[in-house]
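Please read the following report alongside the sequence and the coordinates. It treats strand pairing, helix packing and internal space in turn.

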Amino acid sequence: MRLSTRIAIVVGAVVPLLVVAAGWVLVGLVGRDLHAQADRRLGERAQGVASAARGLLRAASNDRPRAEQARQRKLFTAALDIGIRLTGPDGTVMDGPQPDTSVRPPAGTGHPVTVHSRGQTWRALTVPVTTGRPGVTGTLWLFSPESARQAQIQLVRGRVITVALLAAPLSAALAWALAAGASRPLRRLQQRTSGLDPHTSAARLEHTPTRITEVDDLAHTLQTFLARYDEQAARTAEALATARSFSAAASHELRTPLMSMQTNLDILDAFHDLDPADRAETVDDLRRGHARLLGLLVMLRALAQGDLVEADAFASVDLAELADAAVSDLRRTHPEAEVLFEGAPGLTVHGWQPGLRSMLDNLLANSLTHGRSADGRAQVAVRLRADHGSGTPAVVLTVDDQGPGVPPEQRQTVFRRFHRRADSPGSGLGLTLVAQQVDLHRAQLRVLDGPGGTGARFEIAFPIAQPDRAAVGVPQHRDWLSDTDRRG
């Protein structure tokens, strides 16, 4: 059932009920006003009739038949359409419409009361009559029939019912017309959305504001839903691409070390009397191959995690505390290396803590591997500082070594996936992972000459996390695992 039909039915049912309820109140008010008007008229008539009643009682006490008849006519004339009943020392005189004589209204109430007799209703007023003579007193009753007022009330009640019966179809028709016009933008929105299929078409909802809040809000909700669907579909496609890239990269890069390890295993199996030195060399090759395989898998896994991380994994991170922990771990695992750290606490960035820690570990490992001085010593200096000189406040991280440095022509290519020197023991993914995290955190990465022109310096500037500003979201498309030409 359409909304306009539902509204028409509801309005067609509710409006007559409201009319009847209002009419019920109106009938009550009209009845009260008619009662008040009749009582007021009865009280005004009582003043003239009471004066004529006193004259009649005086004439009757003087035993003057002619005067008594004249006073009685005057009493009946003053009453007009009001029924009267006068009781005095010489009997009762009555005229006009009134209840049966067996019905005696309450005495001396001072205000009109209701009297019932033979299915009829009367308003009765009792007035004591005094003449100023001893023993010449009486009681005057005035009766006003309620039939006329009841007829008026019944007329009003009938008109209320007639209006309620007429209001039902008229209000339903009017409500249907208005609801049909008001719901027309909703029907147009339904027609535009009925043909949208996110699975088969790239068409999306185009909505022109109608200035109808409910329709515009619904259209905005649908647009938001479709946008989120597109975003999730894109992220799902990227996740599948990342999984395929992981599988392809693993199968390609693991082939050589696996074949080398298979060769060494065949040697150990075929030559049981192998020279101890050769055996030790073969076992050492197996260990290096195993370490390379393990490191390659760990790096590929880290790249895949960076390509798939969502914005809700980001939070405020104290970069100084994280760098201090990374330096402490490097000193513990490589006690022969000289690692310096300078940085004040409280340098906070909005970031993904596991990714930032992986970036720091790989920067330190790269400087430790390739940044040894000519005499073989490993010297690495890590510094953190706040930079407020540029337009955007930033936390600047620098990692310096004492090695041969990075030639300017190679400062773009060192971040490519699987790019490594021939004598490098790594997987060629460490700096790729660093560049991925820099891109993920909207930071700036530069490769420079070290202090004094010796060694290499890796400098990364992170935006400072500010409480009064919304955090910058992660890049929408991330393909560091699948794109071999990415630099960062």
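The sections below describe a predicted model, beginning with its sheets and ending with its cavity.

## The antiparallel sheet

Five strands make up an open sheet whose order is β2-β1-β5-β4-β3, and the pairing within this sheet is antiparallel. Its edges are formed by β2 (91-95) and β3 (113-117), each of which pairs on one side only. Between neighbouring strands of this sheet the turn is 25° on average, with direction ignored.

At one edge, strand β1 (residues 83-88) pairs with β2 in the antiparallel sense, and five bridges connect the two. These strands, β1 and β2, form a hairpin that leaves two residues between them, and within their pairing Gly88 stands opposite Gly91 in β2. At the other edge, β3 is joined to strand β4 (residues 120-130) by five bridges, again with the strands running antiparallel; here Thr114 faces Arg123, a residue of β4. As background to both pairings, strands of a sheet pair through backbone hydrogen bonds, in either a parallel or an antiparallel arrangement.

## The mixed sheet

A further open sheet of five strands has the order β7-β9-β10-β12-β11, and its pairing is mixed. The edge positions are held by β7 (338-342) and β11 (444-449), each pairing on one side only. From one strand to the next, the twist of this sheet averages 15°.

Which strands does β12 pair with in the antiparallel sense? One partner is β11, which pairs with strand β12 (residues 456-463) over six bridges, and another is strand β10 (residues 394-401), which pairs with β12 over seven bridges. On the β11 side, Val447 stands opposite Phe458 in β12, while Arg446 has Glu459 of β12 as its bridge partner. On the β10 side, Val396 stands opposite Ala461, which belongs to β12.

The connection between β11 and β12 is a hairpin with six residues between the strands, and in its turn Gly452 adopts a positive phi of about 75°.

## Helix packing around α8

Helix α8 takes part in two packing arrangements described here, one with α7 and one with α9. In the case of α7 and α8, the axes lie 10 Å apart and the packing angle is about 45°; the two helices are therefore oblique to each other. The sense of the crossing between α7 and α8 is right-handed.

For α8 and helix α9 (residues 430-440), the axes come within 9 Å and cross at roughly 140°, which makes α8 oblique to α9. The crossing in which α8 passes α9 is left-handed.

## The internal cavity

How many cavities of 30 Å³ or more does the structure hold? There is one cavity that reaches this threshold, and the volume of the largest cavity is about 30 Å³.

The lining of the largest cavity consists of Ala323, Ala326, Val327, Leu360, Leu363, Leu364, Val382 and Val399. By class, these lining residues divide into eight nonpolar, no polar and no charged. Two helices, α7 (319-333) and α8 (353-370), each supply at least two residues of this lining, and these are the helices whose axes lie 10 Å apart in the packing described above. The lining also includes Val399, and this residue number falls within strand β10 (residues 394-401), which pairs with β12 in the antiparallel sense.

How values were computed
Residues numbered from 1 in each chain as written. Predicted model: local features only at pLDDT ≥ 70, side-chain atom pairs only at ≥ 80, totals over all residues. Heavy atoms only, no water. 1 Å grid on protein atoms, 1.4 Å probe; cavity = no way out; pocket = protein on both sides within 12 Å on 5 of 7 lines; lining within 4 Å. Points joined across faces, edges and corners; volume = space filled by probe spheres on them. Helix = DSSP H or I, 4+ residues; strand = E, 2+ residues; numbered from the N terminus. Nonpolar A, V, L, I, M, F, W, Y, C, P; charged D, E, K, R; others polar. Pairing = 2+ DSSP bridges. Axes fitted to C-alpha atoms, helices over the stretch in contact; angles between N-to-C directions. Parallel < 35°, antiparallel > 145°, perpendicular 65-115°, else oblique. Left-handed = near helix turned anticlockwise from the far one by under 90°.
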